Each structure stands twice: as C-alpha cells, then as structure tokens.
Amino acid sequence: MGRRSEAKEDKREAIRVKDYMKRKLITFTPEQNINEVMETILKQRITGGPVVDKHHNLIGIISDTDLMQVIGDSRYHNMPVGDRTVADYMSSQVSTIDAEADIFDAASRFLKTGHRRFPVIENGKLIGQISRMDVIIAATNLKKNHWR
C-alpha cells in the first residue's frame with residue numbers, strides 16, 4: 001500500500017448569497033389590491049415578490065402561481081377580482097435563505113424545492129432576495145475566475 005496523498009484544501013473564498021442577492025426589491029403589502037399587483041408584475045417583468053408589513057418584516061410572498069389562483073377563482077365563482085387583496089392569495093409559509101449561505105447551497109435548494117426566489121432576512125427584516133438567475137450569474141462569474 002502506498003502512502004495517501006494529503007487532501008488538498010480548497011483555498012477559494014466561498015461565494016455567498018449576500019454577494020449576488022438583489023437589495024432593491026419590489027415588495028407588496030397584504031392590503032394591496034390584487035389587480036395592482038398584477039399590473040406591477042407585468043410592468044416590472046417579474047414573477048412575484050415578497051410581502052412585507054409596515055415595519056418591513058417579511059410576512060409572505062405572492063407569485064404568478066398565486067395569481068393563476070386569482071384568475072381561476074374569478075372565473076369559477078363568476079366574480080371580479082377587484083376587491084381581492086394580496087392577503088387573500090399570498091403564501092404565508094415562506095422559505096428563506098441566509099445571506100451567508102454558499103451560492104452552491106442556494107442552487108441545491110432551488111433544485112430541491114422548485115422555488116424561483118428566496119427572500120433573505122436578517123432579524124426578521126427583509127434585506128434582499130436571491131433568484132435562480134442570480135445563482136446562474138454567480139456561477140458564470142465563478143467560471144471566469146476559477147473553473148478551467
């Protein structure tokens with residue numbers, strides 16, 4: 001038996017969620033009219049966003065999937081959606097990710113959950129959001145700097 005080689009230590013600095021998350025977010029409030037949310041989502045070309053209270057605490061998330069529920073309900077019940085609010089349709093069980101998490105851990109969580117975005121909170125307050133696209137950007141930058 002030959003001597004085992006020493007394990008090589010990876011000296012690259014970890015790429016963190018905080019390095020690629022978006023800090024300027026479009027957020028919604030629970031009282032906001034659902035039609036207004038639809039218009040914002042279309043205008044801003046996003047697929048959803050965090051829902052926060054007046055103290056900027058994360059309380060939910062509203063997505064295009066939730067809006068499909070709005071549309072389905074309005075047709076089924078033959079009711080206009082005009083009086084519906086974000087609170088009526090938002091998901092209040094929100095998966096978040098830590099700002100210090102490694103970008104590869106974020107990629108793994110996206111694969112496991114199927115989510116398109118993870119809000120990032122600190123002390124209950126929303127401080128950012130990371131999306132699948134942000135992880136792809138990080139990986140592309142990593143490839144330029146480290147992968148061969």
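This is a short tour of a predicted model, with something to select at each stop.

**Stop 1: helix α2**

Start by selecting residues 34-44, which make up helix α2. Which residues of α2 are buried? They are Ile-34, Val-37, Met-38 and Ile-41. Now turn the view until you look down the axis of α2: the buried residues fall within an arc of 100°, so they line one face of the helix. There is a simple reason for a pattern like this. An α-helix has 3.6 residues a turn, so residues three or four places apart point the same way.

Next, colour Glu-39 and Lys-43, which sit on the other side of α2 and are exposed.

Both ends of this helix deserve a look too. At its start, show the side chain of Asn-33: one of its oxygens comes to within 2.7 Å of the backbone nitrogen of Asn-35. After the helix comes Arg-45.

**Stop 2: two residues with positive phi**

Stay with Arg-45, in the loop between α2 and β1 (48-52). Its phi is positive, about 55°, although Arg-45 is not a glycine. Is Arg-45 buried or exposed? Its relative accessibility is 77%, so Arg-45 counts as exposed.

Then move along to His-56, in the loop between β1 and β2. His-56 is not a glycine either, yet it has a positive phi of about 70°. With 35% relative accessibility, His-56 counts as partly exposed.

**Stop 3: Ser-63 in strand β2**

Select residues 58-63 to see strand β2, and pick out Ser-63 in it. Ser-63 counts as buried because its relative accessibility is 11%, and the cut-off for buried is under 20%. What does Ser-63 touch, beyond residues up to four places away in sequence? Show Thr-47, Gly-48 and Arg-117 to see these contacts.

**Stop 4: Val-17 and the largest core**

Now go to helix α1 (residues 17-20) and select Val-17. Val-17 is buried, with a relative accessible area of 0%. Leaving out residues up to four places away in sequence, Val-17 touches Ile-97, Asp-98, Ala-99, Ala-101, Asp-102, Ile-103, Ala-106, Val-120 and Ile-130. Try drawing a distance from the C-alpha of Val-17 to that of Ala-101: the two are 84 residues apart in sequence, but 5.6 Å apart in space.

How many residues are in the largest nonpolar core? It has 15, and those with the most contacts inside it are Val-17, Ile-97 and Ile-130. To see which elements give two or more residues to this core, colour α5 (103-113), β3 (117-122) and α6 (132-145). Elsewhere there is a second, separate core of twelve residues. Phe-28, Ile-41, Val-51 and Ile-62 are among them, and you have already met Ile-41 as a buried residue of α2.

**Stop 5: the β3–β4 hairpin**

For the last stop, keep β3 on screen and add strand β4 (residues 125-131). How do β3 and β4 run? They run antiparallel, and six bridges join them. For one such pair, select Val-120 and its bridge partner in β4, Gly-128. Val-120 is also one of the residues that Val-17 touches.

Together β3 and β4 form a hairpin with two residues between them. In the turn, click on Asn-123, which has a positive phi of about 55°. To finish, look at how β4 is covered: five of its seven residues are buried.

Methods
Residues are numbered from 1 along each chain as its sequence is written. This is a predicted model: local features need pLDDT of at least 70, side-chain atom pairs count only at pLDDT 80 or more; totals for chains, interfaces and linings use all residues. Side-chain values use heavy atoms; hydrogens and water are left out. Buried means under 20% relative accessible area, exposed over 50%, partly exposed in between (1.4 Å probe, protein chains only). Helices (H or I, at least four residues) and strands (E, at least two) are DSSP runs, numbered from the N terminus. The arc is that of the directions from the helix axis to the C-beta atoms. A polar contact is a pair of N or O atoms within 3.5 Å; within protein, one must be able to donate a hydrogen and the other to accept it, and residues adjacent in sequence count only if both atoms are side-chain atoms. A nonpolar core is a set of buried Ala, Val, Leu, Ile, Met, Phe, Trp, Tyr and Cys residues joined through side-chain atoms within 4.5 Å. Contact means heavy atoms within 4.5 Å. Two strands pair if DSSP finds at least two bridges between them.
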